[in-house]
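Please load the model in your viewer and keep a selection panel open, since this tour moves from one selection to the next. Each stop says what to pick and what is found there.

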Amino acid sequence: LQKPFRVDELIATLKRGIEFRKLQSERAANAARSPSIQTDIESRLLGSSAAVKKLIQQVRKLTTVRTPVLLQGEEGTGKSTIAEVLHANSNPADAPYIRIDCDLSSEADLRAGLLGAGGAGGAWIQQAKGGTLYVEHLDRLALAIQKEFVSVLRATSNSFRLICSTTEDLEGLIDVGKFHDELFYRVASIPVQLPPLRERIDDIAVLVRYFASRASNPNFDASLVEFSPEALAILGSYRWPGNLTELSQLVSQLASSLDVRVITPQHLPSRLKELKLWPNLSEHLERERARYITTVLHACHGDKARAAQVLGIDASQVS
């Protein structure tokens with residue numbers, strides 16, 4: 001705090017400090033219970049919202065199996081991070097991690113790398129043996145290659161951990177003949193839906209601090225950068241079409257280039273203030289409703305009947 005300060009600034013700063021200390025304490029307790037898995041997962045998937053807690057729980061379970069996983073979600077939601085965490089926690093330290101992006105690779109490269117000759121798999125398949133093969137943007141894989149890829153997986157699926165990701169509804173693509181149904185059944189044994197940032201607004205304050213701490217500012221330690229309550233309110237109202245990637249780039253740019261330590265609304269780009277990208281009242285109220293239900297449920301230690309009684313709603317509406 002810089003003197004003179006207003007009382008509301010003092011209260012807001014104290015609340016952020018308490019929230020950050022609580023998060024650190026929770027991570028320390030989790031690490032003490034299972035340092036080999038929980039610490040890495042929770043250090044990579046920052047946040048304490050209900051959506052992130054559910055995701056962490058899913059990922060933790062998936063580290064104990066080798067079943068194919070399909071990561072679904074919008075661009076920028078962190079699918080590659082999940083793939084890295086799953087690989088790191090379910091393979092030996094020296095196991096290979098082969099990452100392929102179907103959107104960036106040519107059809108010739110995909111044929112050579114995935115299919116090879118004789119149905120035994122190409123170079124990427126061979127390199128992934130004993131480790132993980134991560135295929136990004138699976139929906140962009142040409143239909144002809146998809147059919148041959150199924151044959152390769154039949155012959156080699158037990159040789160590596162298969163993780164795929166998509167931004168599209170693959171079942172919907174099957175219905176219109178743009179995705180091979182058997183390939184879907186092979187890669188989607190365990191589907192994982194990653195939440196968009198607009199559904200985890202409670203995590204923005206923590207994410208902002210983390211992204212700022214990774215920036216480099218010639219004037220001062222970027223980890224000391226703060227966003228004012230008004231600036232955080234604007235960040236929480238924006239729809240974030242680019243999700244975590246967009247937030248990371250924004251915070252990094254501001255924390256690295258500004259000569260002030262406290263970022264206020266005047267420092268934010270104009271696109272964040274375009275009201276057409278803000279939720280309407282019903283969407284906002286529904287989000288606040290869900291947030292309050294989660295808070296009450298947590299206070300009731302997961303007892304849905306008790307939470308429903310406190311909230312004055314039917315237990316079936318508590319989740």
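**Stop one: charged pairs**

Select R99 and E84, which form a salt bridge with the closest N and O atoms 4.0 Å apart; a salt bridge here is a side-chain nitrogen of Lys or Arg within 4 Å of a carboxyl oxygen of Asp or Glu. R99 lies in strand β2 and E84 in helix α4 (residues 79-90), so the pair ties together parts that are 15 residues apart in sequence. Helices (H or I, at least four residues) and strands (E, at least two) are DSSP runs, numbered from the N terminus. This is a predicted model, in which local features need pLDDT of at least 70 and side-chain atom pairs count only at pLDDT 80 or more, while totals for chains, interfaces and linings use all residues. Residues are numbered from 1 along each chain as its sequence is written, and side-chain values use heavy atoms, with hydrogens and water left out.

Now add R44 and E136 to the selection, as R44, E84, R99 and E136 are linked in a network of salt bridges. R99 is partly exposed at a relative accessible area of 45%, and E84 is also partly exposed, at 27%; buried means under 20% relative accessible area, exposed over 50%, and partly exposed in between (1.4 Å probe, protein chains only).

Next, select D103 and R140, whose salt bridge has its closest N and O atoms 3.0 Å apart. This pair links distant parts of the chain, with D103 in the loop between β2 and α5 (107-115) and R140 in the loop between β3 (132-136) and α7 (143-156), 37 residues apart.

**Stop two: the sheet**

Show the strands as a cartoon: 5 of them form an open sheet in the order β2-β3-β4-β1-β5, with parallel pairing, where two strands pair if DSSP finds at least two bridges between them. The edge strands, β2 (97-101) and β5 (190-193), each pair on one side only. Inside the sheet, β1 (residues 69-72) and β4 (residues 161-166) pair in the parallel sense over 4 bridges, and V69 has I163 as its bridge partner in β4.

**Stop three: two positive phi values**

Which residue in helix α12 (residues 243-257) should be picked next? Pick N243, a residue other than glycine whose phi is positive, near 55 degrees; N243 counts as buried, at 0% relative accessibility. Then go to H301, in the loop between α13 (281-299) and α14 (304-311), where phi is likewise positive and near 55 degrees, although H301 is exposed, with a relative accessible area of 76%.
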